[in-house]
Structures are given as structure tokens and as C-alpha cells.
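Reader: Before I rely on the labels attached to a model, I would like to see how each label is earned. Could you take me through the reasoning step by step?

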Amino acid sequence: MSTFRYLTRLADIVSDVDVDNDDRNGLYESHDREVEDHLSRIRTVTTKMTRKVVTGARSNATTTYAEPATDTCRVAFTKKYPDTVIVARIHVTCFQSVAGTAQSVTWGVGDGTTVSDAAFFFFNAINTHHTVSGEVHLTTLAKGPYTFSLQWKSGTGVTNDLDTNDTLELSITEMLGN
């Protein structure tokens with residue numbers, strides 16, 4: 001639906017309010033939710049997503065960011081406007097095979113220059129697959145083309161793993177405002 005049609009619908013919602021004082025609060029709350037729903041749709045400029053099923057065993061014991069070997073998860077994306085925000089959302093599954101003093105994994109999103117933390121997960125048990133989700137708002141990127149990548153790093157002295165039971169998902173959305 002076009003922005004004009006959303007704004008016309010919002011104007012219709014506002015002009016339809018004709019209630020007694022006792023009913024105003026509930027109706028306003030209902031209209032507020034509907035208006036918020038419409039505004040969130042207006043704010044989204046564009047979204048691209050990729051999902052990858054891991055094709056083999058992958059391990060990472062480094063404390064610096066790296067893409068999972070062979071199973072890279074990338075999104076080629078062109079930011080259309082200079083004053084918009086990129087919202088990067090991740091959803092992955094992974095496990096840890098070697099316990100250590102810092103049993104953690106951090107997943108981040110790289111923009112070609114910088115990797116920003118999107119999710120941190122602390123493992124309580126080894127060899128158990130877990131779901132990790134998160135998002136990061138990238139507010140300083142100029143308009144233009146980017147290749148966003150999903151990257152991971154391990155806590156000190158541990159090995160984080162992926163296998164064919166795991167998936168990697170990266171979604172990039174350009175949004176108006178923060």
C-alpha cells in the first residue's frame with residue numbers, strides 16, 4: 001500500500017472518533033495501536049534477507065570476528081537515503097563443543113568496514129544446540145551499496161561450533177528515523 005493511502009487511512013481513523021468520555025481511553029488506545037502499526041509500515045524503506053543451512057562442521061575458537069568458514073551468510077544491499085537507519089537482525093543456531101572459562105559466543109554484523117555486536121550468548125552446557133537472536137541499529141552509514149555479513153567470535157579458551165543441524169539468518173532493513 002502506498003504512503004499516500006496509509007496517510008489517508010490514518011486521517012480516516014482520526015476523523016471517525018466520536019464517542020462518550022467514558023469510552024475515549026479504550027478507543028484512543030485501540031487507535032494508537034492501529035496508528036503505530038501503520039507508521040511502522042511507512043517507516044520501512046526496504047528489506048532483504050538471506051537464510052543459510054550449514055553444510056558441514058564449522059568451528060571458531062578465535063576472540064576476533066570472522067565469518068563462518070565456507071558457510072558465509074551475506075546480504076548485498078543498497079542504502080537508498082542518507083538519513084535512514086539500517087536495522088540488522090540475526091537469527092542463528094549454534095553450539096559449543098569445548099568448555100572454557102568464558103563459555104560465550106558473540107554474533108555480529110559486518111558492513112565491509114566495521115563489525116557491530118548484535119547478540120551475545122552464554123552457554124550453560126556443551127554440545128547442546130541453542131538459538132541466538134538479536135539486532136543492531138547502524139545509524140552512521142552513508143547511502144550506497146554494502147555487503148553485510150554475519151560474523152562470530154568466541155569467548156577466551158572456548159570453541160563454538162556449527163553443523164548441519166544449524167541455520168544462519170541475516171535480515172537487513174532500511175528504516176526512516178531511529
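Author: What follows is a set of questions about labels, each answered by setting a value against its cut-off.

Author: Please keep in mind that this is a predicted model. The protein has 2 helices and 10 strands, and along the chain from the N terminus both helices come before the strands, in the order α-α-β-β-β-β-β-β-β-β-β-β.

Reader: Why is the pair of Phe77 and Phe148 called edge-to-face?

Author: Rings pair if their centres lie within 6.5 Å, and planes over 60 degrees apart count as edge-to-face. The ring centres of Phe77 and Phe148 are 6.3 Å apart and their planes stand at 65°, so both conditions are met and the pair is edge-to-face. The structure holds 4 aromatic pairs, and this is one of them.

Reader: What makes this a link between distant parts of the chain?

Author: Phe77 belongs to strand 3 (residues 74–79) and Phe148 to strand 8 (residues 144–154), with their positions 71 residues apart in the numbering. Ring pairs also join Phe77, Tyr146 and Phe148 into a cluster.

Reader: How do you know that Phe77 and Phe148 are buried?

Author: Buried means under 20% relative accessible area. Phe77 has 3%, so it is buried, and Phe148 has 0%, so Phe148 is buried as well.

Reader: Why is the pair of Trp107 and Trp152 called stacked?

Author: Planes under 30 degrees apart count as stacked. For Trp107 and Trp152 the angle between the planes is 25°, with 5.1 Å from centre to centre, and the pair is accordingly stacked. This pair, too, links distant parts of the chain, since Trp107 lies in strand 5 (residues 104–110) and Trp152 in strand 8, 45 residues apart.

Reader: Are Trp107 and Trp152 buried or exposed?

Author: With the limit for buried at under 20%, the 0% relative accessibility of Trp107 makes it buried, and the 1% of Trp152 leads to the label buried for that residue too.

Reader: What makes strand 3 and strand 6 the edge strands of their sheet?

Author: The open sheet is built from 4 strands in the order 3-8-5-6, with antiparallel pairing. Strand 3 and strand 6 (115–122) each pair on one side only, and that is what makes them the edges. Neighbouring strands of this sheet are turned by 25° against each other on average, direction ignored.

Reader: How do you know that strand 5 and strand 6 pair?

Author: Two strands pair if there are at least two bridges between them. Strand 5 and strand 6 are joined by 7 bridges and run antiparallel, which satisfies that condition. As for individual bridges, Gly110 has Val115 in strand 6 as its partner.

Definitions and conventions: Residues are numbered from 1 along each chain as its sequence is written. This is a predicted model: local features need pLDDT of at least 70, side-chain atom pairs count only at pLDDT 80 or more; totals for chains, interfaces and linings use all residues. Side-chain values use heavy atoms; hydrogens and water are left out. Rings of Phe, Tyr and Trp (its six-membered ring) pair if their centres lie within 6.5 Å; planes under 30 degrees apart count as stacked, over 60 as edge-to-face and the rest as tilted. Buried means under 20% relative accessible area, exposed over 50%, partly exposed in between (1.4 Å probe, protein chains only). Axes are lines fitted to C-alpha atoms, for helices over the stretch in contact, and angles run from 0 to 180 degrees between N-to-C directions.
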